[in-house]
Structures are given as structure tokens and as C-alpha cells.
Amino acid sequence: MEFLLEINTEEMPASHIKAGLFQLKGKIEKELQANHITCLSLETYGTCRRLVVVGDFAPQQEDREEVIIGPPKAVAFAADGSPAQAALGFARSQHTEVGRLLVIPTPRGEYVGLKKITKGRPTDGILCGALPGIITSLSFPKMMKWDEVNLRFSRPIKRILCLWGGKVLTFSIEGLKTNGLTSGHKLHSPQPFKVISFREYRAGLKKNKVILSAEERKSMILTQIEKRLAPLEAQLYPDEELLEKLTYDVEYPYVFLGEFPQEYLRLPLEVLSVAMREGQKLFSVIREGRQLPFFLGVADALRDRKSLIRRGNERVLRARLEDARFFWEQDLKVPLAQRAAGLRQVMFQEKLGHYEDKSARLKQLVAYLCDRLDEKKLKKDAVQAAELCKVDLLTEMVREFPSLQGKVGGLYAREEGYPSTVSQAIYEHYQPAGLEDLPPSSHAGALLSLADRVDSIVGVVGIGVQVTGSSDPFGLRRHAGGICRIVLDRKLLLSFDHLLEKAFSAYGDGLEKSKKEIIEYCRAFLGQRLRFIYEGQGYRYDLVEAALGAGLDPIYFSYLRLMALASLQKSPHFEPFILMAKRVNNILRGLPPYAVNPDLFAEKEEQELWSSFSIIRDNALPLIAAGEFVKAQNMIFKLEAPLSAFFDQVLVMAEDRRVRQNRLALLQAISGLLLEMADFSQVVVEGEKKERAS
Amino acid sequence: MSLQNLIMNLQKYWSDQGCYLAQPYDLEVGAGTMTPDTFFRVLDRRPWRVSYVQPSRRPNDGRFGENPHRVQKHHQYQVIIKPSPSDIQKIYIDSLVNLGIDLSVHDLRFDEDDWESPTIGAWGVGWQVVLDGLEITQFTYFQQAGGVELFPVPVEITYGLERLEMFLEGKDNMFDLDWSGDVSYRDLRLREEKEFSEYNFNLADIDRLRKSFALAEAEATMLIDKGLLLPAYDMCLKCSHLFNLLDARGAVSVTERVKTIGQIRSLVVRIAQKYCAEQGRT
């Protein structure tokens, strides 16, 4: 039977609509399930003014058969089959007659019992009872109250339509009673009208200028954009986020094309597009990567008969661009180097000082990175970029458009004629800004971004801030993710510990926590982000653990180790080898370290194992140091045969203490080599899984 | 329609909606929200309907009269209705229709924009109302003022009068607007913008501003202790404007900004708490 719910509200933000629909669907599904009501379909729709659920549910709960077990048959009935006291008592307690009792076989023998059938209750009653609770328990990123209504919601609720099989399902929320009415477009067709089915509802909305489906609105927008752009042979400057927002902001999309004066094209594309996007939610129009003096807007309107919408937007945009040009010209009057003195006015974090201090630390860190990575030629430019990268925080442009920080500094540096390495590095040093964003394209930009993030993490952790599931006020997760992505992208051979130590010492004695505490916390934190990245790329959980278990010095090796494990897991040597490695580990658990004395090897198998191991180790270690993990691993696989023979023929736990300890020392040496490759104890192999399952 | 006709039209419209027509407050404020007719009246549980023009000063927005749409003093038309009526959006939209705007040929949008004023510990949820890309009104369900949770919930509607008039006259330059049939916005305001921009940005004496701030702050503290909340609040408004002047002079560092706003807010919060405690007694 058809169920339809529409919560009609004042304009909700796009993020709220999605959150609301997601929760509505989940909560209704859960309610149906808990009540044993079959759900044949359940869909949601949303616009800025409505949250809609439509479904097809069974008209009532399934009948439920319940078996109630009573006393054992032997106790309940006498030998002649006549009911004993126990049977009579049980029947009485279940409000039935002895004649209706059944014999029920159980693993413990035959028992007397009863089958009870509970008739399913009708669905409408259950929905009526549950929906008020479901609707009032929805949560949104920011909640509000209105009027004298005791309810928090995204925006005020105007009306609730709820139908069940074509009839109004009546309930009320804070005095607002459901009805069978909806209404069309707020400005163009606001009269309420009655509906009795989803088909009628959807068609009625369309007739009254509301397109219910977000996909349909989106495709209307895209089709119209294409139509407007075709004569210009131009493209949209892609902006998924804006498109998504506009799709929900309008109920009936109309796309208009506007123009602005050519003279503003002297402003950089970044500035133009942010002035359009953030101020007025307009799209930039480009041809071959160059901005054209056009823009596209999405109105919540049927058409723009008199071009008033276009002209209005043009006028407002012109004023905005005039402002942006004013900022651009004003800012360029003061060179970055001169402006830099002002950084001592700008607070980075209360306990961590000003941006002037941060710039000084970044210079040290970048210089260290260049030395460490043997980038002598880059050093001068990278250090200069570090000195200037935060200066744009003092510009009018960044004050007006904070999302342009970094980019603006880079653009000004370019205008002032700094080397492109410097301006590019400044431009890119906030990249990657999120999971979707790319890491810096230039090496200097990558090193500067890395330095900036390491400095922030060490500083913030150093004053005792910890990241929890819900709280990450300084965006440390994003910084740690950025560090990992830059290291992997650039294949940087850096030890994380060294980098952290360097960042720590750049703070002098300005941090509250000890060096050891900070480094341990940061190392674990970075490991988590790497794990998150690797798993996101689809690598097996246990292989990720094994790769990370061998340490982060250098960080990039964890990736090479993972690659090696992933490529070798199909090898026929893999599983027997892992099992052998685990066996070695198990024997060694909890033992102190012993030293090998080759003279004490008596058996042929242990001598052979020692000599194979020595050769394999001498060959594998240089490969490991060079990051050639696949080759090293193939080498190490060769240990399997002598190890096998050793375990078959030699008693490790020999009577003689010295012999025993010498054999254990041999295994410890092998285990030490294996740990250079990966922490194999983390790997789960087939044989083991079966054992665990049984 | 001239700017003064726009004002008269709104006065009539909101008066018909049962609003008491207040007169502009006689101190420098950054927005209509800050005047006592809004600030104190939203705190208690009694119904309240008021509307008024409020000249609003934002020293940092001064452009020496050279920018066609930014000025250090503009005019707001402020409406407060408590509790918020369920059809308030419609009432507001009708006020635009009443100005002769044919909404069937324009794009009117309620665009998410949550408003916040840390100085007076106030925030609300709502929209900026955008007409063909031009922001003409801030529309807010007021949730908190002076750190106090507001219930019943007031709705605050703030029209930007110059913006709206630019739309109505179809002009690109604010100074070209007609204040009345004979007097232009330029006649009335250009000299004021030039002189105040010069004062705000270049001449205001930083030391004397700081001293004035300290005096007003001390006075506010004394008055709060004596329970004279309206004069105490006036002193907070003076602090707020002096702070804005210091800011325009570039004399406020980022840390100091946070600290000073915090100082003013804590005074305002004390005033709000005392006010509510009194209301509880009566």
C-alpha cells in the first residue's frame, strides 16, 4: 500500500536536506523492520522546501507464530496419555485447553508446548505512532527554534502531508496536524492543492512549477548550460559543489547567461571565479582554460522574459568585480616583503605565537628538507617562499575571500616578479586542501606544504590538544592526510621521526609536552592516516598492518612494502612462508635476546640454515635499504626450505642450555631480518582462517 | 520611488502589521539589532512588535565616497516580531510586492546565511534574501542574545535601504539615488562620507580612542553593579563603536581583537542576565 510523507518547510540548506532524507529513510526502514512490516520500496526526494518519502509497505504486520515450550512430555502426561498436573497448569497459564497442547521435539527430548499465532496489526496505526517520534528526532548540522514551538529543526515546518493508501494518515507534531495538501512553487504557484497518490503529487508539483527529483533538476540545469554555451563555443569552469548546492536551492531551475566588462579580465581567473561563486553563486565561463567575460547563473524562475534577472545579476557582479579590482590594485602597492613585518600582528595560535614565528620555523624546516633530500638548487627559492607564504593573510583580498589564501600570495609574488619556483610554491602550499584536492604540482610547493603541516601538528599536539572522533579543531587529520599524500606523491625518502624532531626543535622550548610524548603521539597519528589512505585504495587490512608494522623510516617505504606484499600474495611461496614466519615468532615470544655462536651448531640442518641465512641476509639487506622489497622478498622466500628442514630434524628446545639458546639465537636473527621486510605476524592466510572458523 | 517614499511605505506596511514605529537610536551602532528596542525586548517572554530606521556605522566600510556601493554609514530598516508568526515569510514577501516589485519576473531567493554578532553574544538562523543576485534583506530567527537563549523566538527582518533603493531606481551608484524628489543621496551624504572616512582611517587619535574605551568600559561596569542596565548598555555600545574605530585605524591585532570583543561581550552578557533575572521577579 502506498505511503507518502512530505514535510514542507521554509528554505533548508542543501546539506540539511541530504542529512534529513538520509535519516528519514533509515529511521522508517528500521521502524518497519522492528514491526515486521514488509517494505517493498522506499524512496526519498528533496528540494529546499520539502523532505519527501514515498514507499510501498504491506498493509499490516506479518502474522507471527510463536512456540511456547512447557514441561517435558514425560512429566506432563501420565503413561496412559492422560494429562498430569503439569499439563493442566501449563494450559491454564496459557489460557488454553489441554487438548490444544502439542508435543514438540527438542534437542533435550520431547516437551509439551503451544503454538500461538499473533495477528499482525494494521500498518497505519503503527506508522501513526512512530512518525511523530521519527520526525522530531531528525538532527541537522545546525538546529533552530521558531515561534513558541518546542521543537528543534533545520528550518520552520509549514505543513505535513501524509497519505496511506490514498487517505490522510492523521497525527500531529507540536500542534501541527497532517493533511492531504501540498503546494507548488512559493512565488509562481503558491495555492495549496489536494493529492491522493504519489503519482498525482508528483504531477501536481510539476504543473505548479516544482521539479521534485534532484537528478531531474540537475539535468535541466546541465542541459540549459549546454544550450547557453554552445553558441560561444565555451565551457563551464567546473564546480561540482556549487552545482550540487544550486540543484537543491531551486525548485524550478532556469539558467541565464550574463556578461561583464572586458576590463575585469585583467584580474586572475582565481579571483574572478571566487567573486562569482562566493558572492553570487555564479559559474565562470572559460574557453581553453581562459576566462571569458561571461557567467552563468541558476535562477528559481520559469524564465527571464524581460532579462531583469540577468541584468540585475550583471549589475551586482560588476560592483563586486570593481571591489576585487580595488583590492588587487591596493594590495599590489605594498610589496610582500614589506608587508611581511605585519605578520607579528597576526596570531597563529595563542600559545604558539604569531605568524612571524611560524614563518621563521618554516624557513628552518624547508632548509632542512632541502638538505635532507639533496635539493641544493631548490633551497634558496624554497626558503624565500617559506618567508613570504603567510604574508597574504594581511591583504585585503584574503580578508574579503579567505578561501583564496595561498593562491593570492602566489599571484602577488608572480606579479612582483619573484622566480616562478617561489610564486608557485606559495600558491600551492595549502594543497591538498581536502580529499578531493591534488597535492602541490611543484617540488618546492610540496616541501613547503609538508613543512607547514608538520609545524602545525607538532605545535598543536605540543600544547596538549588531542584529536578525538568528534573534535579536531585545528584540522590535524587533514594536515596528517596532506603529509602522507605529499610523501607518497613525491616519493620522498624522509624519516618521520627526524622530521618531527626537527619541527620540535624549531619551537625551541615553546611547547608544553615533552619531545617524546609529541613524537609518539604524532607517529601513531600519522600511521592512522596512512592506514586510512591505504585501505581507501583498496589494500587488504592485514597487509596494511604488516607493512606499517615494519616502521615509518622512511615513510615512503611503508608504501613500497605494501606494494611488495600485495604483489607477492599470489605467489605459491607466500602462504607456506607466512606460516613459517609465524612459527618462528611463536617460539620466540617473550624471550630475551641471545647471540649466535656458529661453533655450537652440531646438526647438519642448523649449519645449513645458518649459512643459507647468512648469504640471504647479505644479499637482502642492501635491497631493503634501496627499497627493492619485491626482490628482497623473493630472496627471503629461499629461507623456507632450510627452515622447514630445521624444524623437521632439529629439536630447538634441546636439553643443553647453550645449544638451546644458540638455536633460539639463530631464529632471532632470522626474525630480525624478516621484520625489516614486514610484520608478517599481522598477515592472515587461508590455512589460519579455516582454523579460526572451526 | 524615492528613498524617503520607500521608508514611508515600509513604515505604513509594518505599522499595519501591528508594529510600534520606533525612532532611530541616538548612539552610533553597527546594526539595528544593537539598539535597546531590539536587544532588551527580545530577552523577555512578552510579545513584541517594533520597526524602525536605524542609521548604522561601520567605519571599516568607508571608501571616501568613491565606491558606488560601500559607505561607512548606511541605513537599515529593522523589524522585530516576537513570537515569529507562522506566515512571516509571506508577510515579508508581500512587503516587497507592496513596493511595486513584480516577483513573477524576478528571482527572489532565501539563501542560507546564519547571522552572528559576537560582540553582543547574539546569533540566529536564517537567510539573506537575494533579489536578482542583490542581497536586500537579512532574515533571521533570533536564537540567542547576550548569551541568553530566546523563547518565544523573535524574527528579525533587516532591509538594507540603500541596496533596495538602488534596485527600485535601477541605479548603479548609491550617490545617484533620490532621497526625495529634490534631494539626492550625494547632496546629503557625500561630504559626510569623505570626512568620516578621513577621520576613521587617518585621523582618529589612537591613544584617545583607547582612553575613551577604558572610560566607557569602567562606566559600564559601575552601572551594571548599580543595576542601571539601560545606561550600562549604552556604554557597551560606545565601547563597540570605539573598538570599530580602532580597528579601522589598523590599531587592533588579531589577538587583541578577540580579547576586546570578549571584554564587551562579557559586559553585555552580565546586563542580559541581570535583565532576565529582574523579569523573572516581576
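# A tour of the helices and loops of chain A, with a stop in chain B

Select Gly417(A): just after helix 14 of chain A, this residue takes a positive phi of about 85 degrees. Helices (H or I, at least four residues) and strands (E, at least two) are DSSP runs, numbered from the N terminus.

The model is predicted: local features need pLDDT of at least 70, side-chain atom pairs count only at pLDDT 80 or more, and totals for chains, interfaces and linings use all residues. Residues are numbered from 1 along each chain as its sequence is written, chains are lettered from A and ligands numbered from 1 in the order in which they are written, and side-chain values use heavy atoms, with hydrogens and water left out.

**Helix 14**

Step back to residues 407-415 of chain A, which form helix 14. Val408(A), Gly409(A), Gly410(A), Leu411(A), Tyr412(A) and Ala413(A) are buried there. Buried means under 20% relative accessible area, exposed over 50%, and partly exposed in between (1.4 Å probe, protein chains only). Now show helix 8 (269-280), helix 9 (308-333), helix 10 (336-339), helix 13 (396-400) and helix 15 of chain A; the buried residues of helix 14 pack against them.

**Helix 12 and helix 15**

Next, select helix 12 and helix 15 of chain A. Their axes come within 8 Å and cross at roughly 45 degrees, which makes helix 12 of chain A oblique to helix 15 of chain A. Axes are lines fitted to C-alpha atoms, for helices over the stretch in contact, and angles run from 0 to 180 degrees between N-to-C directions. Angles under 35 degrees count as roughly parallel, over 145 as roughly antiparallel, 65 to 115 as roughly perpendicular and the rest as oblique.

On the helix 12 side, show Leu378(A), Asp381(A), Gln384(A), Ala385(A) and Leu388(A); they meet Thr421(A), Val422(A), Ala425(A) and Ile426(A) in helix 15 of chain A. Contact means heavy atoms within 4.5 Å. By class, this contact of helix 12 with helix 15 of chain A has six nonpolar, two polar and one charged residues. Ala, Val, Leu, Ile, Met, Phe, Trp, Tyr, Cys and Pro count as nonpolar, Asp, Glu, Lys and Arg as charged, and the others, Gly among them, as polar.

Pick out Gln384(A), which lies in helix 12 of chain A. Gln384(A) is partly exposed, with a relative accessible area of 27%. Leaving aside neighbours within four places in sequence, Gln384(A) is in contact with Tyr418(A), Pro419(A) and Val422(A). A distance to check in the viewer is that between the C-alpha atoms of Gln384(A) and Ile426(A): 9.4 Å, for residues 42 apart along the chain.

**Helix 16 and its partners**

Keep helix 12 (residues 376-388) and add helix 16 (residues 443-462) of chain A; the two pack at an angle of about 50 degrees, with their axes 10 Å apart. Helix 12 of chain A is therefore oblique to helix 16 of chain A. Leu378(A), Ala385(A) and Ala386(A) of helix 12 make the contact with His443(A), Ala444(A), Leu447(A) and Leu448(A) of helix 16. Six nonpolar, one polar and no charged residues make up this contact of helix 12 with helix 16 of chain A.

Now select helix 11 (residues 355-372) of chain A, whose axis comes within 9 Å of that of helix 16 of chain A and crosses at roughly 125 degrees. That makes helix 11 of chain A oblique to helix 16 of chain A as well. The contact residues include Lys358(A) and Arg361(A) of helix 11 and Asp452(A) and Asp455(A) of helix 16. By class, the contact of helix 11 with helix 16 of chain A has nine nonpolar, one polar and four charged residues.

**The cores**

Stay on Val458(A), then add Ile636(A), Leu667(A), Ile670(A) and Phe680(A): these have the most contacts inside the largest nonpolar core, which has 142 residues. A nonpolar core is a set of buried Ala, Val, Leu, Ile, Met, Phe, Trp, Tyr and Cys residues joined through side-chain atoms within 4.5 Å. Helix 16 of chain A gives the most to this core, with eleven residues. Apart from this core lies another, of 85 residues, among them Trp146(A), Val79(B), Tyr159(B) and Phe175(B).

**Loops**

Finish with single residues in loops. Pro432(A) is in the loop between helix 15 (420-428) and helix 16 of chain A, and a cis peptide bond joins Gln431(A) to Pro432(A), with omega about -10 degrees. In chain B, a cis peptide bond joins Phe151(B) and Pro152(B), with omega about 0 degrees. Pro152(B) is found between strand 8 (148-149) and strand 9 (155-160) of chain B.
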